[in-house]
Structures are given as structure tokens and as C-alpha cells.
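Biologist: I would like a close look at a single part of this structure, taken slowly enough for a first-year student to follow. Please choose one strand, describe its surroundings with care, and then work outwards from there.

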Amino acid sequence: MSEQLIFLNGQFVKKEDAVVSVYDHGFLYGDGVFEGIRSYSGNVFRLEEHLTRLYDSAKSIMLTIPYTKEEMTNIVVETLRQNKLKDGYIRLVVSRGVGDLGLSPYTCARAQVIVIAEPLSIFPKELYETGLEIVTVATRRNRSDVLSPMVKSLNYLNNILVKIEANLAGVQEALMLNDQGYVAEGSADNIFIVKDNKLLTPPGYVGALVGVTRNAIIKIAREKGYEVSEDVFTRHDVYTADEVFLTGTAAEVIAVNKVDGRVIGDGKPGPITSILLEGFRELTQTDGVKVYDQTLHVS
Ligand code: PMP
């Protein structure tokens, strides 16, 4: 990539000039929302769904995003164009903005909008061939009535603590339970289990972010004739599943081979996981907002 350009409050600036104030409440308090989006061969996958989640998250925390969804679509597309990227990871951040040191968001005059597009650092290919080992962590998912996991806020400490626990246990990903002990999700991925050819994933209200990849997988699986339910389940169901996999923008669809020392299936990515990964990758090549075949303008 030539010189990276970052969208910062209405302008494209060089990476070294893309700085925000230490009085920004996103920095001081994690007050803001964000999205992680991906572009495949010049198609921004499910951009509308990502933006809907962003605007819903902002609404939930009473944060006004100073652009319409249409304008934001153009900004994301233009950021990819400015960086001449077809395959890229896009980070969209909307922070509460610059205020005083108090908690009150009302001292922040205007939200700050940042869009970063980078070439993808794809997960190692071997991981898709071997699968991933995960462990259940002691840290529980935020309760929905405390800080809803449906809000993709800049407050990711819950997830970061989970990641630290998983790493301390020598694995890369975690299984997070909700406060009642039901399976919620990974540190930044949704979870599916497969038993007798049927798929099961926790509903959002159990304590999971409703993932864009998750939703795409549910649709692909149903189109391929598999039954998919959104319901609560426990670790026992995970341990005894035929297949377990995680979904997320970065990970796409990744098999889990071991959970808390229990080998899942025969310890290799299962057939349904592989079919769904293939279906997902096919979809990403065609579906999405086209970055290079339309005229879009940043206002
Ligand atoms: N759960 C959490 C907590 C996440 O941060 C993510 C990543 N955005 C996901 C699930 C997966 O969501 P998506 O498929 O939209 O990337």
C-alpha cells in the first residue's frame, strides 16, 4: 500500500496526522461505538448491516452520528478507494468527541468519526485446516441489563479480560458464558454447535453481539437445507456436539477442535463447518457494496 490515508472528521489525512485529543471521551471513558468491516475483491461485505448495527448501537447510547447512513456508506467506500484497496479490513469508530474531564457526554460538542482501511492480515491457513482450541473463561459476558452485548461500544474491557484469560491458558480464543452459565460467545466471535446435522447458536438476548457473519451463516445453512435454531445451551451441549465453530468478520468461519480439553468430533474441522466456510467465501466474492464500479462522493 502507498501512503495510508485515514478518514478523520471529514478529511483524509496521513496516518501520522490522524490523531485525536486526549479529552476525547472515547479515549477517556470508552464512550463511543465501532464496527469492523471487510472488503473482498472490491465488495464491502454486508455494509448496510454493519451500518445498521453501528447506528443502532449509537442510538442505544444516545450518541448522534454526524453523517447519514448514505453518507457513511460513501465515506467507507471512499476510504477504500483512497487507499487503493480491494481486499481490506475497515475499522469505523465514532467516539463521543472532545469534552471536559467529567463523565457527562453533554460536554462533548460533536462526535468524532474515524475510518481506517488496511490490507488484511488473514488468519493462518493452517488454523482452518486444524481448527482452534478454546477454553471456558471465568469472566462472564456483560449482563444485558448492565451493558448490553448488542451494543458494539468502545468499552471492550469485558472481551479484553476474556482474551487475557484465554491467552494465559495457552489458547487464542475463549468460550464465554453469560451470568446464568449459558453459552454466550467467544471474545470477539459468535459460536455455533452442530448436533445431528442441526445447527444451534445463542440468541442475542443470551448475551452475544448479533454478528453479521453469524447472520450470513444462518442464511447460508438454511439455504443448504440445514435446520438452524437460536436457543440457549450449556457447555455440556458444546462438549458433546459433532462440530463447533466460531464466526466473525476477521475469523470468517473457523472450526473448534477442542473445548476445555474435550475433543470435538474427531478433532478436525467437520463437514458442515467446511461446507459453510466454502459457502461463506463464495458469497463474499459477489455480495456487497461495489467499491470500484459506481460513483460515490463524500459530502
Ligand atoms: N461478538 C463480538 C463480541 C464481536 O466483537 C464480534 C466482532 N464484531 C463478533 C461477535 C462477530 O461479529 P461479526 O460477525 O459482525 O464480525
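Modeller: Strand β13 pairs with strand β14 (residues 252-259) in the antiparallel sense, over four bridges, and a hairpin of three residues carries the chain from β13 into β14. Within this pairing, Thr247 has Val253 of β14 as its bridge partner. Please keep in mind that this is a predicted model, so what follows describes a prediction.

β13 also has a partner in strand β10 (residues 190-195), and these two strands pair in the antiparallel sense over five bridges. Here Ile193 has Val244 of β13 as its bridge partner.

How many of the six residues of strand β13 are buried? Six of the six residues, 243-248, are buried, so the strand is largely enclosed by the rest of the structure. To see how this works on each side, notice that both faces are covered: Glu243, Phe245 and Thr247 are buried on one side, while Val244, Leu246 and Gly248 are buried on the other.

Val244 deserves a closer look, since leaving out residues up to four places away in sequence, it touches Ile191, Ile193, Val238, Val256, Val259 and Ile264. Val244 and Phe245 also belong to the largest nonpolar core, which has 42 residues, and together with Phe192, Ile217 and Val256 they touch the most other members. Helix α7 (residues 212-223) gives the most to this core, with six residues. In soluble globular proteins, nonpolar side chains tend to be buried together. Apart from the largest core lies another one, of 27 residues, among them Val33, Ala111, Val115 and Ala117.

The strand has a further role in the picture, this time beside the ligand. Both α7 and β13 supply at least two residues each to the shell around the ligand, and α7 gives the most, with three residues. Of the 14 residues around the ligand, Leu209, Gly211, Val212, Thr213 and Thr249 come nearest. Sorted by class, this shell has three nonpolar, eight polar and three charged residues.

Following the pairing in the other direction, from β10, we come to β11 (198-201). β10 and β11 pair in the antiparallel sense over three bridges, and Lys195 has Lys198 of β11 as its bridge partner. The hairpin of β10 and β11 has two residues between the strands, and in it Asp196 takes a positive phi near 50 degrees. Asn197, which is placed in the loop between β10 and β11, likewise has a positive phi, near 70 degrees, although it is a residue other than glycine. Asn197 counts as exposed, because it has 12 C-beta neighbours inside 10 Å, and 12 or fewer is the cut-off for that class. From β11 the pairing continues to strand β12 (residues 227-230), with four bridges joining two strands that run parallel; there Thr201 stands opposite Glu230 in β12.

It helps to place this region within the whole chain, which is divided into domain 1 (5-121) and domain 2 (125-285). The C-alpha centres of the two domains lie 26 Å apart, and the contact between them takes 22 residues from domain 1 and 13 residues from domain 2. On the side of domain 1 that touches domain 2, the elements giving two or more residues are β3 (32-40) and α2 (47-60), and β3 provides the largest share, eight residues. The residues of that side divide into six nonpolar, ten polar and six charged.

For a comparison from elsewhere in the chain, consider Val113, which lies in strand β6 (residues 112-119). Val113 is buried, with 21 other C-beta atoms within 10 Å, and its C-alpha atom is separated by 5.8 Å from that of Val93, although the two residues are 20 residues apart along the chain. Leaving aside neighbours within four places in sequence, Val113 is in contact with Asn9, Pro66, Tyr67 and Val94. Asn9 itself is placed in the loop between β1 (5-8) and β2 (11-14), and its phi is near 50 degrees, a positive value in a residue other than glycine. With 14 C-beta neighbours inside 10 Å, Asn9 counts as partly exposed.

How values were computed. Residues numbered from 1 in each chain as written. Predicted model: local features only at pLDDT ≥ 70, side-chain atom pairs only at ≥ 80, totals over all residues. Domains from an automatic or database assignment. Contact = placed C-beta atoms within 7 Å. Nonpolar A, V, L, I, M, F, W, Y, C, P; charged D, E, K, R; others polar. Buried ≥ 20, exposed ≤ 12 C-beta atoms within 10 Å, placed from the backbone. Pairing = 2+ DSSP bridges. Core = buried A, V, L, I, M, F, W, Y, C linked by C-beta atoms within 7 Å. Near = placed C-beta within 6 Å.
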